[in-house]
Amino acid sequence: MANWKTLTGVVVALSFSTAGVSAAPDTSIIHWWTAGGEAAALRILVDAFEKNGGKWKDSPVAGGEAARMVARTRILGGDPPTAMQWQFGNNLFALAEEKLLNDLDDVAKPDGWDKVLPPQIQAQIKYEGKYVIAPLGLHGRNWLWSNTEVFAKVGVAAPKTWAEIDAVAEKIRAAGYIPLALGGQSWQELIVFETVVLEVGGAEMFKKVTALDLDTLGSPKMVDVFRQLEKIKGYLDPGSPGRDWNITAGLLTSGKAALFVHGDWAKGEFAGAGKSPGKDIGCTIFPAGRNVYVYNGDGFAATAVTDADRRKAQTILARTVMDPALQHAFSIRKGSIPSRLDVSVDGFDPCAQAAYAASGAGQLVETGDLVSEPTGWGAIQDTVTAFMHGKQSPEAGVEALVRAVKAAK
Amino acid sequence: MRLRIRRFISQLVLSPSLALVAVFLYGFIGWTVAVSTTASKASPRFDRFVGLEQYVRLFDTPRWNVAFSNMFLFGFLFLVVTIGFGLLIAVLIDQRIRFEGVFRSIVMYPMAMSFVVTGVVWQWLLSPTLGIQSLVAGWGFTGFHIDWLTNPSTVIWALVVAAFWQGCGLAMALFLAGLRGIDEDIWKAAAVDGIPAWRVYLHIVVPMLAPVFLTVIVLQSLAIVRAFDLVVALTNGGPGVSSDLPSVFMFDMAFRRANLGLSAASAVVMLGTVLAILVPYLYVESRERR
């Protein structure tokens, strides 16, 4: 998915960035919400920002990686945007460490961010005790989606853990359905890998994996994880390798496949197919009983500009992003959940309500994108996808995993 | 005196481009080599010298080893197929056939296409649900299937076919030019001796085309080492990492995995591969000229 967007995004952006060197202070705001549903959600933010007295100069770049690269290039080239969409965690801290950001404590302190944000998020967005990003929405990764109609026809209850899936997969297959819809691209397979790690070793093992702990990566428990991946290969259809996620989601909504493991952004595809999440498409924070919600979050960071105009724009933006009413409206449109804990759940679908409850119950855990060293986390992704498409034994898979992560350290 | 002025002017005119080449080509090559000896992550850091460690890591990374050996496998298959068919088509077109221009254009046209378009076209053609397979199945042959793109052990053939479709025209054109350059008298002499045409080609003409072979091999080899857009558009390195190539690896490490040091090391290894092809070629060329 990202590859194309990245390439075109970079090309487009580089041509813009050279053309955009001008004398007047640039109030542009870089973001990567360019696709249909995302753009509609962004519109809500833009309207609120302008109502609060800001002036939004749009600088969209398709693809998160590309957008971040463009922002970085512009900052280093002396032409920083006023603000930019950014991820929590490592990527954010890297910017703060290089002193490229203004902190937002002049908004966060009086508005009491400490009281309304989950502690897990605070840990990912504060640098040296100061807020360096205004957090907007959280997307969850570990979801199991099931087609209610298919399970009614097969005559079994929808499973909620990998063990339960193992028990019913044969029955689903015998009834003429694909047990598990999976798009065989490395980033989608990584999501499946994460849920298996959660099932085998819970939050504790998951955190050690994202910390790239070599003992955990080479442990017998990891062999169990790869054994489960081996089983999962048997639940797929021949068209899986290389398939895009939205087409894969279509297998679920059209009733060809029974189950789908994917992040909550898939809800947009369900809605597009006229299926409502929580009813036609059942949802489980997966695996059930582990009480972990693996999330990826982003918001808007303010660059280290000093002139009063742009400082003011940054303050207005931070306050807008953290406005409970805005977060409520934005989340419904985007399919994410608010970062604040005091937002009304009116109008949230049952899945979003479950996710929001998990966030309130302190079950948030960061995905590797936020907390891992990128080369090491990428090495895990490469090894898992090689295993899913190769003929390695689980033991050999674990060996390759340790070797790849070691080389990346 | 006038000669001296002339020489001065030509040197003056050349010097800006020489300076540009020095900075933007050799300067950046040097910069890349320097980065490859550091532990640079997202941005270059020259204060973290690690010597050759990145190269050790590189060849410890399973994905790189797949990509690197893929380059040789893909390169070998691609060269054999392109040279074989390119020569064959050139010979056929050389038979003074009617509508020669039409056939030449047909073979040459794919070259006008970018690799991205080629990749997408072949992705659709080879897709089990859209392309050739569903067409043939629609005719009633339901047992027919092509799983090149989804099978890790055959995906390299998908790359070869697409690259061949694109690169065959160039080989054909070079061979055809070589064939047209062969003295008519040789054919007449062979005809007088009653030698069949295929033997003339095999034993006389093809050996005379040796320099053309060398040019084709060098040009296509460079295309292989640089191949990036074709893989990205056709397979995106998949399934798994089975069709990964060094250039894709390099891009990923630099721009998505924030590891400039490792990326630079892979770039230097690629440069080394190119030089291993180019240097002997230039050596042979320069010796011939003397």
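## Exercises on a predicted two-chain model

Leaving out neighbours within four places in sequence, Ala257(A) is in contact with Tyr177(A), Ile178(A), Leu180(A), Ala181(A), Leu251(A) and Leu252(A). Contact means that the C-beta atoms of two residues, placed from the backbone, lie within 7 Å. This is a predicted model: local features need pLDDT of at least 70, side-chain atom pairs count only at pLDDT 80 or more, and totals for chains, interfaces and linings use all residues. Residues are numbered from 1 along each chain as its sequence is written, while chains are lettered from A and ligands numbered from 1 in the order in which they are written.

**Exercise 1. Place Ala257(A) in the largest nonpolar core, then locate that core.**

Step 1. A nonpolar core is a set of buried Ala, Val, Leu, Ile, Met, Phe, Trp, Tyr and Cys residues joined through C-beta atoms within 7 Å. Buried means that 20 or more other C-beta atoms lie within 10 Å of a residue's own.

Step 2. The largest core holds 175 residues. Ala257(A), Ile133(A) and Ala301(A) have the most contacts inside it.

Step 3. Helix α7 (residues 155–180) of chain B supplies the largest share of this core, 14 residues. Helices here are DSSP runs of H or I, at least four residues long, numbered from the N terminus.

Step 4. Domain 1 (2–139 + 297–361) and domain 2 (143–293 + 368–408) of chain A both give residues to the core, so it lies between them. The domain bounds come from an automatic or database domain assignment.

**Exercise 2. Describe how the two domains of chain A meet.**

Step 1. Taken over C-alpha atoms, the centres of domain 1 and domain 2 of chain A are 29 Å apart.

Step 2. Domain 1 of chain A brings 16 residues to the contact, and domain 2 of chain A brings 14.

Step 3. On the domain 1 side, helix α17 (residues 350–360) of chain A gives the most, with six residues.

**Exercise 3. Work out the build of chain B.**

Step 1. Count the elements. Chain B has 13 helices and zero strands.

Step 2. Check the spread. The radius of gyration (over C-alpha atoms) of chain B is 24 Å, well over the 19 Å from the globule rule for 290 residues, so chain B is more spread out than a compact globule. The rule is 2.2 Å times the number of residues to the power 0.38.

Step 3. Find the burial. Of the 290 residues in chain B, 33% are buried.

Step 4. Look across to chain A. There, 24 residues are in contact with 25 residues of chain B.

Definitions and conventions. Helix = DSSP H or I, 4+ residues; strand = E, 2+ residues; numbered from the N terminus. Buried ≥ 20, exposed ≤ 12 C-beta atoms within 10 Å, placed from the backbone.
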